[in-house]
Amino acid sequence: MAVKLHRCSVLWAKFGAHPCWRVQRELDAKGISYEIVTGPLSRKKRTVVSALSGQAAYPVIEFEDGSFYREQSKEMAARIRSGELFGSRAAAPVDEITVMSDADEGVDADGG
Ligand SMILES: N[C@@H](CCC(=O)N[C@@H](CS)C(=O)NCC(=O)O)C(=O)O
């Protein structure tokens, strides 16, 4: 399931204490696919993230169903690390899942 990472535009800031990077690197570490949506630095201009989450701080994670997740970045990082980012959300709909069968591997019913 791909998510959107709403974050600041300071993409070069790749050090541990930077809130957006702290979360982004955990998504990377977990192999979670995401799309970066950068927003303006000025809080007053952060209309997208404000409309989504009701507050103006980055980072915010937007799920495919339009819901969002925002806590302090340390807590967000810990949640991602623990494998609980998606909580009880369903995995991707079945028609979006690539299903490999034995036939795809060239194995027939006889196992040959
Ligand atoms: N304590 C917050 C800080 C979040 C934070 O400062 N985010 C930055 C972007 S990396 C931001 O939105 N800065 C501008 C502002 O707070 O107005 C956290 O860890 O999530």
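Q: How far apart are the end C-alpha atoms of helix α1 (residues 19-30)?
A: This is a predicted model, in which local features need pLDDT of at least 70, side-chain atom pairs count only at pLDDT 80 or more, and totals for chains, interfaces and linings use all residues. Residues are numbered from 1 along each chain as its sequence is written. Helices (DSSP runs of H or I, at least four residues) and strands (DSSP runs of E, at least two) are numbered from the N terminus. The expected span of a helix is 1.5 Å times one less than its number of residues, so the 12 residues of α1 should span 16 Å, which agrees with the distance between its end C-alpha atoms, 17 Å.

Q: Over what arc around the axis do the buried residues of α1 spread?
A: A residue is buried if 20 or more other C-beta atoms, placed from the backbone, lie within 10 Å of its own, exposed if 12 or fewer do, and partly exposed in between. In α1, the buried residues are Cys20, Trp21, Val23, Gln24 and Leu27. They lie on the same side of α1, because the directions from the helix axis to their C-beta atoms cover an arc of only 165 degrees.

Q: Are Ala29 and Lys30 of α1 buried or exposed?
A: The buried residues of α1 are covered by elements that include β1 (3-8), β2 (34-39) and α3. Ala29 and Lys30 are on the other side of α1, and both are exposed.

Q: Which strands are the edge strands of the sheet?
A: The sheet is open, with 4 strands in the order β2-β1-β3-β4 and mixed pairing. Two strands pair if DSSP finds at least two bridges between them; β1 and β2 run parallel and are joined by 6 bridges. Each edge strand pairs on one side only, and these strands are β2 and β4.

Q: Which residue in β2 is the bridge partner of cysteine 8?
A: Cysteine 8 is among the residues around the ligand, where a residue counts as near if its C-beta atom lies within 6 Å of the molecule. Its bridge partner in β2 is glycine 39.

Q: Why does arginine 70 count as buried?
A: Arginine 70 lies in the loop between β4 (68-69) and α3 (73-81). Leaving aside residues up to four places away in sequence, arginine 70 touches (C-beta atoms within 7 Å) Ser53, Gln55 and Val60. It is buried because the number of other C-beta atoms within 10 Å is 20.

Q: What distance separates the C-alpha atoms of arginine 43 and glutamine 55?
A: Arginine 43 is placed in the loop between β2 and α2 (47-53). With 13 other C-beta atoms within 10 Å, arginine 43 is partly exposed. Arginine 43 and glutamine 55 are 12 residues apart along the chain, and their C-alpha atoms are separated by 9.4 Å.

Q: What is the omega of the peptide bond from tyrosine 58 to proline 59?
A: Tyrosine 58 is 12 residues from arginine 70 in sequence, with a C-alpha to C-alpha distance of 8.2 Å. Proline 59 lies in the loop between α2 and β3 (60-62). The peptide bond joining tyrosine 58 to proline 59 is cis, with omega near -5 degrees.

Conventions. Contact = placed C-beta atoms within 7 Å.
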